[in-house]
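Work through the exercises below with the sequence and the 3D view side by side, and try each task before you read its solution.

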Amino acid sequence: MFQSSEIYGGLNGCWDYGPLGVELLKNIKEEWWKFMTYRENIEGLDASILMHPKVWQASGHVENFTDPMIDCRQCKARFRVDILADSLNEKKKKKALEGLKEKIINNALLSEKFELIQSKTIAEHAEGSNEIDELFDRLIEENEIGGELLAELNCPQCGNKGTFTAARQFNLMFKTFIGSIEDPNAVVYLRPETAQGIFVNFLNVQGSSRQKLPFGIAQIGKAFRNEINTKNFLFRTREFEQMEMQFFVKPAEDKQWYDYWKAERMKWFYSLGMTKDKLRYHDHPKNKLAHYAKEATDIEYLFPFGWGEIEGIHNRTNFDLSRHEEFSGKSLKYFDEESKEKFIPFIIETSAGASRSFMAFLTDAYSEEEVNGETRAILKFHPKLAPIKAAIFPLVNKDGMPEISRNIEKDLRKYLKVFYDDKGAVGRRYRRQDEVGTPYCITVDTQTLEDQTVTVRERDSMLQERIAIANVKEYLLNKIIED
Ligand code: GAP
């Protein structure tokens, strides 16, 4: 991975995938595409990034896709209010709440509001439950009382208390202009999610593919968000890729399909070898649901910096299609031939980040082990994800070994991404491939000259098998594609 525009000092929140990175990313997207669309009831789509501006009014992004931001007047650091709240432990939150209560005791209006919001007194809240968190989150989002609560907190950067400005809403969509005039009527947005391209094409796809409910539409594509705090490498970037599928169902079947996709998406991460103990669901409590969702969960991965969302699964109800119907004036109803009814389907969404998945697969694959007193660093990628599938080595650069090796390479290259290496001791060559996660290394040696066999060494076990040259291609394809 390289910083975007590195020679100019980089561009915050943007990254470039280098030669191996792009292979890994491409393989992740390909596996997702196969898993999701090689089904009878899912169609693919590639909608344009720029869409009619009304799309983003209908979706609620113009109004709601905002983060409340605060600045420290002392050190000028900028924070997202929810992230600042998440960084505080229960003790600190309790202390701030008690400080707030004390401070507003003589302000009848605020005191009354406080009492309305809290269901019991601060002392009554059970320790270790989410009750304090929930109360804190509700209060901090309130206009005036939220400002008073912020005044009880210390800036995490400079440590000063009471230095925060009032919260201001900041829209995360990138704006640009279509055509040659920078006029407010020419504003378009870089899409902040791929989902809307699917919603507005619902009837186009349904009609042209003659699908019946339930069915889905899948898309992989770039999304852009003007994130305030980009952080943790690829975790929160300004430009990233999403792998989204919207599944259209009868309203009464929403729960059944939500549960199905929740389980199915976790299976995908398992099927590509991700450590089960490092994956979990985080179900959203009702008071934290997005404006469009009836039920939602995140699939989280345990990154070195802690648990982080890599995919969201949402029951979006009929919110999106109803809003597009309202804003476009075009009917988006589905006609059910069996019941002869017309209705707006519910949508179950699976929304994975390709770049976050990339970071999770990369982190998960990294391991180190002791071999003969030396440290062996390996990327234990599932063979389907590995950037290079096989490396071919002549043991020595003479006796016809390079020619035989080149022939094997030429044959494999038609099917797989392979690598030819004749530099240095063969042990060093194995290590170099381990470091980039190549699952198989093929070595042409003296015995090859006698019986037309080669050794195939498997990365994780380091076990070697002798295989006839004529069978190498089939052997690798079986291992990599069928596995
Ligand atoms: N259509 C629903 C939607 O976009 P989201 O939870 O905002 O939902 C879905 O995003 C996924 O997109 C996340 O689980 C994450 O993997 C990825 N994602 C979101 N924002 C991101 C960012 N700034 N950088 C990298 N990936 C991001």
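**Exercise 1. Decide whether Leu 279 is buried or exposed, and describe its surroundings.**

Solution. Leu 279 counts as buried because its relative accessibility is 7%, where buried means under 20% relative accessible area, exposed means over 50%, and partly exposed lies in between (1.4 Å probe, protein chains only). This is a predicted model, in which local features need pLDDT of at least 70 and side-chain atom pairs count only at pLDDT 80 or more, while totals for chains, interfaces and linings use all residues. Residues are numbered from 1 along each chain as its sequence is written, and side-chain values use heavy atoms, with hydrogens and water left out.

Next, place the residue: Leu 279 belongs to strand 11, residues 279-283, where strands (E, at least two residues) and helices (H or I, at least four) are DSSP runs numbered from the N terminus. Then list its contacts, a contact being heavy atoms within 4.5 Å. Apart from neighbours within four places in sequence, Leu 279 is in contact with several residues, among them Met 266, Phe 269, Tyr 270, Trp 307 and Ile 310. Finally, compare sequence with space: Leu 279 and Ala 360 are 81 residues apart in sequence, and their C-alpha atoms are 9.9 Å apart.

**Exercise 2. Find the helix that holds Arg 265, and identify the side chain with which Arg 265 makes a polar contact.**

Solution. Arg 265 lies in helix 11, which covers residues 254-271. Its relative accessibility is 0%, and therefore Arg 265 counts as buried. The side chain of Arg 265 makes a polar contact of 2.7 Å with the side chain of Glu 311. A polar contact is a pair of N or O atoms within 3.5 Å; within protein, one must be able to donate a hydrogen and the other to accept it, and residues adjacent in sequence count only if both atoms are side-chain atoms. If residues up to four places away in sequence are not counted, Arg 265 touches Trp 32, Phe 35, Met 36, Ile 299, Glu 311, Ile 313, Thr 350 and Ala 352.

**Exercise 3. Trace how strand 16 is paired, and state how many of its residues are buried.**

Solution. Begin with burial: 8 of the 8 residues of strand 16 are buried. Phe 346, Ile 348, Thr 350 and Ala 352 point one way from strand 16, whereas Ile 347, Glu 349, Ser 351 and Gly 353 point the other way.

Now turn to pairing, which requires that DSSP finds at least two bridges between two strands. Strand 10 and strand 16 run antiparallel and are joined by 8 bridges, with Met 243 having Ala 352 as its bridge partner in strand 16. Strand 13 also pairs with strand 16 in the antiparallel sense, over 6 bridges, and here Gly 312 stands opposite Ser 351.

Follow strand 10 one step further: strand 9, residues 215-224, pairs with strand 10 in the antiparallel sense over 10 bridges, and Ile 220 stands opposite Met 243. Of the 11 residues in strand 10, 10 are buried.

**Exercise 4. Describe the shell of residues around the ligand, and name the strand that gives the largest share of it.**

Solution. The ligand is surrounded by 21 residues, and the closest are Glu 193, Arg 225, Glu 227, Glu 244 and Glu 309; a residue is near a molecule if one of its heavy atoms lies within 4 Å of it. By class, the shell has 5 nonpolar, 6 polar and 10 charged residues, where Ala, Val, Leu, Ile, Met, Phe, Trp, Tyr, Cys and Pro count as nonpolar, Asp, Glu, Lys and Arg as charged, and the others, Gly among them, as polar.

Look next at single atoms: a side-chain N or O atom of Glu 227 is 2.8 Å from a nitrogen atom of the ligand, and for Glu 349 the corresponding distance is 2.8 Å. A polar side-chain atom of Arg 356 lies 3.5 Å from a nitrogen atom of the ligand.

The elements that give two or more residues to the shell are strand 10 (239-249), strand 13 (306-317) and strand 16 (346-353). Strand 13 gives the largest share, with 6 residues.
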